2 protein chains.
Amino acid sequence: EVKFEKISPADFFYRNRDIAGFTNPSRSLYTSIRELVENSLDACEMGRILPEIIVELQEVGEGSSEDVKIFRLRVKDNGIGVDAKHIPHAFATVFYGSKYGYRQSRGTFGLGGTMALLYGQITTNRPVTVISCTNGDIHEFVLRIDVVKNEPIVLDHKIHKNNDEWKGTIIDYYLEADYTNSKAKIVEYFRNTAIANPNASLTFIDPKGRLYYFPRVTEKMPEPPKEALPHPVGVDVETMKRLISMTKSETLLSFLTSSFQRVGPKTAREVIELAGLEHVANPKELNHDQLTALVEAIKRYKKFRAPDPTPLSPIGKDLLEAGIRAILMPEFLYVVQRPPQSYSGFPFIVEAAIAYGGKIPPSENIQIYRFANKIPLLYDERADVVWKVVSERIDWNNYNVSKGAPLAVVTHICSLKVPYKSVGKEAVADRPEIERELTIAIRECARELKHYLIKVERRTIAIKR
Amino acid sequence: EVKFEKISPADFFYRNRDIAGFTNPSRSLYTSIRELVENSLDACEMGRILPEIIVELQEVGEGSSEDVKIFRLRVKDNGIGVDAKHIPHAFATVFYGSKYGYRQSRGTFGLGGTMALLYGQITTNRPVTVISCTNGDIHEFVLRIDVVKNEPIVLDHKIHKNNDEWKGTIIDYYLEADYTNSKAKIVEYFRNTAIANPNASLTFIDPKGRLYYFPRVTEKMPEPPKEALPHPVGVDVETMKRLISMTKSETLLSFLTSSFQRVGPKTAREVIELAGLEHVANPKELNHDQLTALVEAIKRYKKFRAPDPTPLSPIGKDLLEAGIRAILMPEFLYVVQRPPQSYSGFPFIVEAAIAYGGKIPPSENIQIYRFANKIPLLYDERADVVWKVVSERIDWNNYNVSKGAPLAVVTHICSLKVPYKSVGKEAVADRPEIERELTIAIRECARELKHYLIKVERRTIAIKR
Ligand SMILES: Nc1ncnc2c1ncn2[C@@H]1O[C@H](COP(=O)(O)OP(=O)(O)OP(=O)(O)O)[C@@H](O)[C@H]1O
Ligand SMILES: Nc1ncnc2c1ncn2[C@@H]1O[C@H](COP(=O)(O)OP(=O)(O)OP(=O)(O)O)[C@@H](O)[C@H]1O
Ligand SMILES: [Mg+2]
Ligand SMILES: [Mg+2]
């Protein structure tokens with residue numbers, strides 16, 4: 001009567017795909033497109049390539065109910081591609097990816113691309129085609145996902161000569177979905193992606209043949225994030241054990257300075273003494289109690305320098321300004337980039353902007369454009385820390401903002417680890433450090449807005465006379 | 001430079017434990033306790049046993065910062081226990097559990113218990129003790145979790161004679177946590193659990209030795225949920241393939257009637273004809289296109305009877321009334337149980353109540369007590385469908401409810417699959433069918449409240465004369 005089972009990660013997210021954003025046929029189409037576009041943007045950023053992304057959605061058959069149809073979805077990018085030996089697992093295995101390191105990227109879970117293709121498979125029973133080239137030949141795979149085993153099934157693998165020196169990736173597959181009820185959100189997704197990625201050329205061709213084209217407005221490339229060592233704050237026993245098992249250091253002192261950022265010899269000595277250990281001890285020979293003492297000492301040591309922000313890649317003030325001007329076309333715009341901070345040992349940077357007037361329509365509620373690691377977040381606004389700050393931490397009356405004003409607040413949180421509330425990447429949790437940074441940044445923009453509104457008011461009064 | 005990795009489910013939730021509710025030392029203590037208590041309540045319900053659950057939290061050492069201490073957490077229940085051969089995996093493997101079937105239970109992911117113990121392991125480096133008896137001898141295991149492999153490490157296994165015929169489970173382990181800042185929520189969790197589980201005896205002994213005791217107020221046992229067959233609505237290619245691989249049926253007709261609920265011979269014939277297939281076809285010999293056609297036919301067939309509610313186990317009107325009266329002690333109380341409905345092929349039942357006056361304090365905002373599968377949901381209120389209904393779908397002015405009234409709304413959604421927004425089980429997504437049922441149920445209670453308030457007002461006026 002009590003029946004125990006073990007299920008694979010693919011099976012888990014198959015059964016609970018709504019948690020990953022695949023709730024209904026319209027939301028599932030949105031989630032599929034966003035996961036694939038985010039993969040393409042990561043691939044271009046990895047290679048410092050100006051992104052060229054083309055998304056094509058064609059209706060190819062009737063679905064099982066009113067607005068539901070069978071679509072062919074094709075996403076093409078000019079990124080760094082995927083090595084042939086990794087393609088099957090990258091796209092048909094959950095928890096398999098290249099973004100588990102210590103640097104900022106849009107992807108982080110090793111889940112999204114596989115989920116999009118899985119959704120196509122379970123709704124249409126068709127295999128998926130992945131074409132990619134890192135250098136040299138072009139590889140074309142036809143894949144299915146073995147959900148029970150969480151493994152790829154390679155149905156075909158062709159190798160083509162690369163006559164045009166093309167590099168990039170093409171995902172080409174079928175899914176049953178509802179475009180009618182997701183169209184607005186999908187177009188909004190592309191539009192908002194253009195704000196945060198103004199150097200990307202984005203093309204979306206929809207089932208009616210309509211072309212949505214967001215050309216790049218700059219050729220600037222932000223500084224790419226650089227892989228860094230972990231910061232000691234937040235390190236627990238599990239991470240410590242893994243670092244020890246991987247280290248080539250033969251003393252505790254060199255282990256600490258070589259395994260962690262912001263730990264020089266002086267800091268390492270102080271931590272080792274706090275733990276009651278010897279500098280020359282062999283890290284691989286620490287016993288159970290010594291290991292616990294080392295981790296506890298790190299937790300209690302309060303003098304570590306703040307985390308290194310080089311694994312981060314903010315949008316940058318000029319790029320964010322260019323993106324907002326191109327898409328929102330405001331009269332007034334003020335952009336702020338806060339200095340790097342950290343929460344739980346993870347560095348993060350908050351960027352914020354207030355845009356006012358111009359093409360921004362008046363609106364009962366303040367229009368909020370949220371971004372995290374350059375990804376637009378279009379759902380769960382009320383659950384997001386930005387909404388909390390905008391509605392509870394900022395008194396807009398203080399800044400001469402009247403009800404229904406043509407006002408947009410744009411926020412970007414970039415971090416090694418964005419504290420998303422769910423694997424669906426829609427709302428960011430209200431970590432106190434992040435909430436504080438957002439509050440400071442938005443207030444700074446609001447003060448500038450106030451000066452502008454006062455000036456405009458004076459000019460209006462002067463003109464009336 | 002591009003480094004691919006595959007990580008285990010334990011590793012994934014170790015890195016992303018905030019998504020599972022382990023965000024900071026105080027929230028992690030709350031999550032740990034709730035996951036273990038919910039396991040105990042499931043174990044008692046499974047055996048139709050009146051629950052006797054004792055939770056003991058003792059401070060045993062200093063932690064690494066101000067309010068953070070080392071605690072020993074011990075949870076004991078009188079449930080059906082865990083078979084010795086399953087204990088190591090049940091508690092030290094993610095995605096291993098007994099609740100993957102087709103019947104309602106609090107647990108559903110095969111994750112929570114293991115996560116609680118993992119959190120203890122990574123913060124204290126100590127192994128965990130699990131003692132359990134299903135029948136016969138008492139088994140005592142000392143376990144660690146191999147996070148990289150997602151496997152148990154059994155450090156010790158003792159077998160004790162069972163002299164008192166005891167049955168149940170004891171979880172006994174250490175964790176670093178913050179009780180000071182989670183105490184209020186933890187006590188609220190026990191209090192609310194008592195509302196939804198009035199036949200449970202709950203004891204919580206906190207680190208100061210304070211006893212929080214919620215005795216059972218009834219010996220009634222609700223009808224236990226019964227395992228059922230899946231409903232055809234929402235079935236996709238993947239599920240269909242698994243059902244076909246497991247079936248003993250040799251014809252398509254008997255396969256459909258024996259694998260699905262609500263599919264009798266007449267319905268099966270209509271579906272098979274809609275798919276353009278033969279009744280006598282061997283399900284295991286369907287080719288690719290035939291399988292797709294069968295799934296499409298099921299999606300298009302609109303005449304299936306609603307899902308069978310016997311896999312559900314609502315609280316029940318008298319039990320919910322008893323629980324609310326015992327804990328909230330209102331003057332007025334009205335309880336509603338809606339008939340079974342379904343969303344995406346999953347049956348669900350909404351129960352709701354409005355409690356007013358008596359010991360319920362006046363409050364600026366309406367006090368909302370949310371439950372899902374008898375679990376209290378104490379976080380993410382603004383992201384929950386119940387909050388949306390209470391604040392946007394009910395016009396409280398229509399029901400003579402003044403601002404600051406001593407009003408509490410209690411809701412319970414029970415389903416084969418509660419559409420939680422995250423594996424942290426705190427907010428329920430606003431599926432239209434569920435939103436509709438909540439709206440109808442709460443409005444019905446509000447109408448009764450209105451009659452009561454009018455009566456009270458008349459009496460007050462009469463007394464004044
Ligand atoms: N268009 C692409 N170009 C290059 N590599 C890609 C592309 N799409 C996917 N990949 C590779 O496949 C891996 C798995 O992708 P997937 O989307 O499943 O996970 P992820 O992006 O790592 O994390 P997340 O689940 O957060 O999106 C990526 O880590 C990346 O290495
Ligand atoms: N107190 C207990 N008594 C009996 N069985 C238990 C107990 N605690 C855990 N188990 C068993 O261990 C399994 C794993 O528990 P765990 O909490 O990890 O997952 P779950 O309860 O199945 O799902 P969820 O992650 O949603 O809680 C359960 O399915 C159950 O079979
Ligand atoms: Mg991805
Ligand atoms: Mg559980």
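A polar contact is a pair of N or O atoms within 3.5 Å; within protein, one atom must be able to donate a hydrogen and the other to accept it, and residues adjacent in sequence count only if both atoms are side-chain atoms. The model is predicted, with local features requiring pLDDT of at least 70 and side-chain atom pairs counting only at pLDDT 80 or more, whereas totals for chains, interfaces and linings use all residues. Residues are numbered from 1 along each chain as its sequence is written, chains are lettered from A and ligands numbered from 1 in the order in which they are written, and side-chain values use heavy atoms, without hydrogens and water.

Ligand 2 lies between chains A and B, and is surrounded by 24 residues (a heavy atom within 4 Å), with B:S98, B:T108, B:G112, B:G113 and B:K425 coming nearest. A side-chain N or O atom of B:S98 is 2.5 Å from an oxygen atom of ligand 2, while a backbone N or O atom of B:T108 lies 2.6 Å from an oxygen atom of this ligand. The protein covers 97% of the 590 Å² of accessible area (Shrake-Rupley method, 1.4 Å probe) that ligand 2 has on its own.

Ligand 1 likewise lies between chains A and B. The side chain of A:N39 places an N or O atom 2.9 Å from an oxygen atom of ligand 1, and a polar side-chain atom of A:D77 lies 2.9 Å from a nitrogen atom of ligand 1. Of the 590 Å² of accessible area that ligand 1 has on its own, the protein covers 96%.
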